[in-house]
Structures are given as structure tokens and as C-alpha cells.
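Work through the exercises below with the sequence and the structure open beside you. Try each task before reading its solution.

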Amino acid sequence: MPSPKNPEFLETRSIPRLLFQFSLPAIIASTVSATYNLVARIFVARWFGTDGVAALTVSFPVIVIFLAVAMTIGTGATIIISIKLGEKDKDKAEEALGQALFLSAASAAVFIAFGLTFLEPILRLVGATDNILPLAKSYLSVVIWGVLLQHIAYGVNNFIRAEGKPYVAMASMFISAIINGILDYVFLFKLRTGIWGAGLANVLACGVAAAWICYLYFSGHTILKWRLKYFRFNWPLAKSIAICGAVPFAAQACSAVLQTTQNNLLGYYGRLYGEAMRYPFPGDDAAIAIMGASVAVSMMFLMPFLGMGQGVQPIVGYNTGAKRPDRTLATIKLAIKAAICISTSTWLVVMARPSWFIEFFLNPNDVGYAEKLALGVIAIRAVSLALPLVSVNVLIGGYFQAQGRPILALMMTLLRQLIILLPTLVISTYVAQAIWGKGLLGCWFSFPFADAVAALVSVYFLADDVKKKHRQIQEMRRAQEQESANAPTVSE
């Protein structure tokens with residue numbers, strides 16, 4: 001049995017068992033972490049209606065930038081740590097850990113100073129209307145103080161998973177999400193704090209997760225240690241972390257750009273759509289709120305695959321360092337099969353009963369509840385239309401990233417979000433408005449088109465990688481056979 005101080009079992013244990021062992025807690029942790037957005041939006045919707053949901057929606061691109069940096073540092077360092085552990089180089093793994101902690105603290109300080117200074121112009125840029133600006137400002141001005149805690153809760157937590165302790169990593173996110181939900185309810189419904197209470201709940205929940213993670217490291221329950229000598233800026237190592245973490249940063253940064261563009265388009269075309277349909281409420285704020293709810297739900301659908309991708313990464317990363325192409329290949333094949341089964345089942349439910357998911361974000365007492373529900377049904381069906389393809393795309397990107405090939409994974413991310421989706425979003429809304437007078441619908445259906453094209457490209461590159469892996473496996477087998485043939489025999 002392997003020593004608990006070294007994760008050699010990543011090279012010896014069966015792939016199905018490893019994938020289940022690492023993916024299940026990562027899926028649970030990812031799904032639980034997604035409840036931050038869901039719970040906050042549901043509670044805010046019940047208290048502030050669609051204006052409150054719209055305020056959280058326009059705040060989200062800013063929060064995504066915070067997460068982009070946290071995930072860049074966390075994912076980049078995790079890949080380096082996994083590979084170094086696979087190479088049995090514990091000292092270099094601890095050096096990457098120390099550099100990640102330094103970068104997290106430095107970036108958090110910059111975010112807080114810049115964000116608080118330019119908060120209102122930033123919110124205007126990301127699509128806040130006059131009606132929802134005060135609510136968005138109240139919420140985000142509190143959330144921004146928890147950036148460092150967020151970095152630790154989301155970024156450093158990945159390092160525990162890289163050490164071969166996925167259930168411990170899951171526990172930190174699970175505890176945090178439960179506290180977030182409880183505090184959301186207490187602040188909004190019992191103390192009636194206003195929308196800033198939802199932001200405070202988020203900060204305190206991240207604080208609990210960060211405290212738990214710090215306790216694990218300082219109490220000696222981890223393989224790697226936080227060493228003060230590594231808590232300093234190291235340009236070569238920081239550069240490596242940035243390169244390895246470029247994919248999640250690009251994905252999140254592109255997401256922020258897309259959401260900013262989307263919010264502004266929704267505001268403009270939503271107002272026109274509302275006027276054309278003679279809605280008894282502002283069409284711009286309603287469109288932004290409904291899109292925010294649809295994205296939050298679709299993210300919940302994606303969490304199993306993001307979690308599975310996190311589970312795949314330490315297995316692939318370790319076996320890449322250990323020169324085991326047969327195990328890396330077996331891992332991604334099994335993960336994709338599981339993802340297709342899960343995503344197809346979810347897709348069938350969403351297409352059949354979309355109202356089950358959207359009505360949580362609407363207040364039945366709001367003016368125009370029926371119209372908003374009908375619009376939400378269209379939006380969530382459109383956004384989720386290519387869900388099975390998205391699941392495959394997510395796993396393939398994580399697979400290349402875990403092998404230390406971030407440029408390829410980055411290219412696939414940029415292809416979907418910047419090269420395909422962004423121009424499609426702008427053109428389709430304009431064309432739909434010019435031809436049918438319903439530019440808002442063009443926004444909804446831009447997403448499945450981009451998802452389908454991106455998935456096809458990802459599968460193409462995966463097929464090429466599979467061929468290379470098979471050649472490597474054959475070469476290894478021939479080398480082993482040659483070594484066996486040349487081995488001296490022992491006479492009796």
C-alpha cells in the first residue's frame with residue numbers, strides 16, 4: 001500500500017477507480033460552489049424581484065475577473081505541483097505552492113484598491129442601467145473586500161486535490177456553500193440588510209473556507225508545506241504558473257468580455273423587445289435578469305463536467321510526469337463517455353421542463369410574471385441547447401491543460417468565446433432585429449451555435465492526440481519487448 005505522504009497510487013490504481021475517487025468529490029464541490037450564484041439570485045429575486053437579479057447579473061463580469069486571476073494562479077500552480085509530484089520532486093512542488101500564495105496576496109491588493117476607486121464607472125461599462133446601478137453598487141462594494149479569501153477558497157483548494165486528497169478539497173467548498181446559503185437567508189429575510197447582505201454572506205462564506213484550508217496546511221495534514229522562504233516573487237516560476245493557468249484565465253476573461261457585451265446588447269434589444277411586445281415592465285432590466293438566471297442554471301448543468309475535469313487533471317498530470325501515455329489516454333476516454341451520458345440525460349429534462357428551472361428566479365408578485373416566465377423558457381432552452389457538446393469541450397480543454405499544453409487549450413477557448421461567439425452575438429442580434437424585429441432572440445441562440453463549432457474543433461485535436469498517444473504506447477511496448485529479449489538468462 002502506498003505511503004500516505006506520496007501519491008504514487010495515481011500511477012498504479014485502476015483508472016475507473018481513480019476517476020470516480022477524484023471526480024465525485026470535485027463534482028460535488030463544483031456543484032456546491034455554484035450555489036453561491038444560485039442561492040444569492042434566488043433569495044434576491046424573492047426580495048427585490050428581477051431588478052435585484054439584474055443587479056447581480058451586471059456585477060458578475062467584475063466578479064468573474066476576480067475568479068479569473070484566482071483560477072489562473074490555482075490551476076497553473078496545481079498543474080506544476082501535479083507534474084513535480086509525479087517526478088518525485090517535492091521541493092519544487094512546495095516552491096510552486098509558495099509562489100501561488102504570494103501572487104494571490106499581491107493580486108488581491110491590486111483588485112481591492114482599483115475596484116473601490118472606479119466602482120461606478122466599471123458597473124456602467126458592464127451594462128448597469130440607471131435603475132439597477134444602486135443595487136449593483138451596494139452588492140459589489142462588499143464582495144470586493146473578499147477577493148483574497150476567494151483566491152484561497154478557490155485557488156489554494158486545488159492544491160489539496162493535487163496531493164491526492166479530493167474529499168478534503170470537497171469538504172472546504174461544501175462547508176462554505178452551506179454557510180453562504182444560511183447567511184443569505186439570515187441577512188436578507190431576517191435582518192433585512194438590503195442587497196449588500198448577499199455580498200457579505202459571500203465574503204464570510206469564503207472566509208470560512210479560507211480559514212479551513214489554512215488550518216489544514218498549518219496543522220501538518222498536507223504533504224506540501226507553506227514555507228516562508230518561497231513566499232516571494234519568482235519571475236520564472238510566476239511565468240510558468242501564468243502560462244499553465246492561461247486557459248482558465250482566458251476562459252474567464254473572455255466570459256467577462258462576453259457578459260459585458262451581452263449585458264449591453266440585452267439592455268438595448270431588451271428595451272426594443274419589451275416595447276414591441278408591450279410589456280408592462282422595462283424590457284431591458286428584465287432581459288438582463290432572465291439571462292443572468294439562465295446562465296446561473298446552465299452553469300449548474302456544467303458543474304459535473306467542470307468537476308470531472310478537475311478530477312481528470314491530477315490523474316493526467318501525474319501520469320504525464322511519470323511517462324504513462326496509456327493511463328492518460330484511458331482517463332480521458334472514460335471521462336468523455338461518462339460526460340456524454342450525464343449531459344444527455346440533463347439535456348432531455350431541460351428541454352422537456354424548462355419552467356422548472358427559471359421560475360425560482362422570478363417573484364410571482366412581480367408585474368408581468370407570466371411574460372417573464374415565457375421569455376425565460378425561451379432563454380434557458382436556447383442556452384442549454386448544445387449541452388452534451390459543451391461537456392465534451394470542457395473535458396478536452398482540461399485534458400490538454402493537465403498535460404502542460406496550455407497553448408492548445410487556450411486556443412480552443414479563444415476560438416469559442418472570441419472568434420465565434422462574440423461576433424455571432426453582435427451579428428445575430430442585429431440581423432434578428434432587422435428582419436423579425438426580435439433582436440433579443442438572436443442573443444439567446446448565439447450560444448448553441450458557438451458551442452457546436454467549438455466542440456467539433458476540440459474533437460479534431462483530441463483525435464490527433466489519441467493517435468500520438470497510441471504511437472507512444474506502441475513504442476514503449478516495443479522497447480519493453482526488446483529489453484526483455486536482450487536480458488541475460490540465468491542458467492539453472
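**Exercise 1. Find how many helices and strands the protein has, and decide how compact the protein is.**

Step 1. The protein has 18 helices and zero strands. Helices (H or I, at least four residues) and strands (E, at least two) are DSSP runs, numbered from the N terminus.

Step 2. This is a predicted model, in which local features need pLDDT of at least 70 and side-chain atom pairs count only at pLDDT 80 or more, while totals for chains, interfaces and linings use all residues. Residues are numbered from 1 along each chain as its sequence is written, and side-chain values use heavy atoms, with hydrogens and water left out.

Step 3. The radius of gyration is taken over C-alpha atoms, and the globule rule is 2.2 Å times the number of residues to the power 0.38. For 492 residues the rule gives 23 Å, and the radius of gyration of the protein is 23 Å, so the protein is as compact as a globular protein of that length.

Step 4. The C-alpha trace spans about 95 × 50 × 35 Å along its principal axes.

**Exercise 2. State what share of the residues is buried, and describe the accessible surface.**

Step 1. Buried means under 20% relative accessible area, exposed over 50%, and partly exposed in between (1.4 Å probe, protein chains only). Of the 492 residues, 57% count as buried.

Step 2. Accessible areas come from the Shrake-Rupley method with a 1.4 Å probe; for residues, only the protein chains shown count as cover. The accessible surface of the protein is about 20600 Å², and 67% of this belongs to carbon and sulfur atoms.

**Exercise 3. Locate the nonpolar patch on the surface and name the elements that give two or more residues to it.**

Step 1. Patches are made of residues with over 30% relative accessible area and no salt bridge; like charges are joined within 9 Å, and nonpolar side chains (Val, Leu, Ile, Met, Phe, Trp, Tyr) within 5 Å.

Step 2. The patch is formed by Phe 20, Leu 24, Ile 28, Tyr 167, Phe 174, Ile 178 and Ile 182, with about 630 Å² of accessible area together. The elements that give two or more residues to it are α2 (15–86) and α7 (166–190).

Step 3. Helix α7 gives the largest share, four residues. Tyr 167 lies in α7 and is partly exposed, with a relative accessible area of 40%.

**Exercise 4. Explain why Cys 206 and Cys 214 are not bonded to each other.**

Step 1. A disulfide is a pair of cysteine sulfur atoms within 2.5 Å. The structure holds zero disulfides.

Step 2. For Cys 206, the closest cysteine sulfur is that of Cys 214, 13 Å away, which is too far for a bond. Cys 206 is also buried, at a relative accessible area of 1%.

**Exercise 5. Describe the surroundings of Leu 258 and Asp 465.**

Step 1. Contact means heavy atoms within 4.5 Å. Among contacts in the protein with a separation of 6 or more, 82% are between residues 24 or more positions apart.

Step 2. Leu 258 is in helix α10 and is buried, at 6% relative accessibility. Not counting residues up to four places away in sequence, Leu 258 touches Gln 417, Leu 421, Leu 422 and Leu 425. The C-alpha atoms of Leu 258 and Leu 418 are separated by 8.1 Å, although the two residues are 160 residues apart along the chain.

Step 3. Asp 465 is in helix α18 (residues 446–486) and is buried, at 2% relative accessibility. Leaving aside neighbours within four places in sequence, Asp 465 is in contact with Tyr 399, Phe 400, Gln 403 and Arg 405.

**Exercise 6. Count the salt bridges, then set out where the partners in two of them lie.**

Step 1. A salt bridge is a side-chain nitrogen of Lys or Arg within 4 Å of a carboxyl oxygen of Asp or Glu. The structure holds seven salt bridges.

Step 2. One of them joins Glu 120 and Lys 137 (3.2 Å, N to O). This pair links distant parts of the chain, 17 residues apart: Glu 120 is in helix α4 (residues 119–125) and Lys 137 in helix α5 (residues 133–143).

Step 3. Another joins Arg 271 and Glu 275, with the closest N and O atoms 3.5 Å apart. Arg 271 and Glu 275 are separated by about one helical turn, because they are four residues apart in helix α10. Arg 271 is partly exposed, at 34%, whereas Glu 275 is exposed, at 51%.
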